[in-house]
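Visitor: I have a structure to read and would like some company. Could you walk me through its features?

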Amino acid sequence: MIFQLRQLIRGATLSLLATSSLYAQSGIDRVQRRNGIDSGSITAITPLGVTISKGGVTSKIPAEEIESIQFDGEPPELNAARTQLKRGRYDTALGRTQKIDRAKVTRDEVTQDLDFYTAASMGNLALAGQGDLKKAIADVGKFLTTHRASYHLPEAIELHGDLYRADGDPDSARKKYETLAKAPSPYYKARSALLVGQLLQEQKKHAEAISQFEGVLTAAGTSTLADGMKQEATLARAISLSATGKLVEGTEIAKQLIQQTPADDAEGLAQGYNALGDCLLAGGDTRGARDAYLHVDFLFHDAPAEHAKTLFRLVNLWKDLRHPTRAQDAQQRLSDDYPLSRWAGR
């Protein structure tokens, strides 16, 4: 079932009006935003954000700006689970949520968070090859139907799509990703285009993927929140250009972004060199791709997600170059250093 975010918001608003007493808390809720912390009392939650009140003044915080919310009266294990999930320690996060006595949870918002972090932990474990994909699809689907008012809804929809994608069902994955574009938010419209583009790229439908990546830049506009997505889309477009025979144009885009990235931005540089490697590989330059990936392997361990991707690429590349020992070494390091990475589960 594809969830229409606007319909969900209308339904959520009616539900909140009927149960407003649940949100009349005497303590303090804390919203961790991308650029600071807001504290007060959460008075409303929708799939697109939350409303917080402090000293009689209310303000709305869009979901895309929220990193997490710590609710008044929640069990301490829940915040520990949030922290572990953010660090990619999905097994530890799941263990934390399983220790919580649900009978003692009295706020609906806390129940929503508990259910989300449980489903998200199980989903990410499945993506890492340490869980059942179909069960994870069902668990995340249950969250989506049970908690239609949750500000986690966009994140859960994306995870649902990722799980379908990993389970070999690209059509269902695309439907999930496209749902995000229905939100009246430039950020989610851009996010939808990026995810659909990445899916098409995996399917080697590069012309369609390029169109989606260009759509990311259009949808994001001047939103600074979407800066990371803009870079991802630009690099992904370069890879698809290279795959369609425009190797020089694709590699030049990747090289320019590398040159423009600050020397202390390990994540950005690792993304750039990985994209350069992907461009060269798509263009048939196996040894050039190897050199780009090795740049990440030697220099950017501080960017774990990108380094895991590099090791995954090197496993196959070393095999193609007839270096089985090096391929085995890359596989071992991927398994040892990033056992819960999505790349380890492929």
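Guide: Happily; we will go from the overall fold to a single residue. This is a predicted model, where local features need pLDDT of at least 70, side-chain atom pairs count only at pLDDT 80 or more, and totals for chains, interfaces and linings use all residues. Residues are numbered from 1 along each chain as its sequence is written, and side-chain values use heavy atoms, leaving out hydrogens and water.

Visitor: How many helices and strands are there in the protein?

Guide: Both are DSSP runs numbered from the N terminus: helices are H or I of at least four residues, strands E of at least two. Here the protein has 15 helices and 5 strands. Its radius of gyration, taken over C-alpha atoms, is 21 Å, close to the 20 Å from the globule rule for 346 residues, so the protein is as compact as a globular protein of that length. That rule is 2.2 Å times the number of residues to the power 0.38.

Visitor: What percentage of the residues is buried?

Guide: Buried means under 20% relative accessible area, with a 1.4 Å probe and protein chains only. In this protein, 50% of the 346 residues are buried.

Visitor: Is His-307 buried or exposed?

Guide: Exposed would need over 50%, with partly exposed in between. His-307, found in helix 14 (residues 304–320), has 0% relative accessibility and therefore counts as buried.

Visitor: Which residues does His-307 touch?

Guide: A contact means heavy atoms within 4.5 Å. Not counting residues up to four places away in sequence, His-307 touches Val-296, Asp-297, Phe-300, His-301, Arg-333 and Tyr-338. Across the protein, 55% of contacts between residues at least 6 apart in sequence join residues at least 24 apart.
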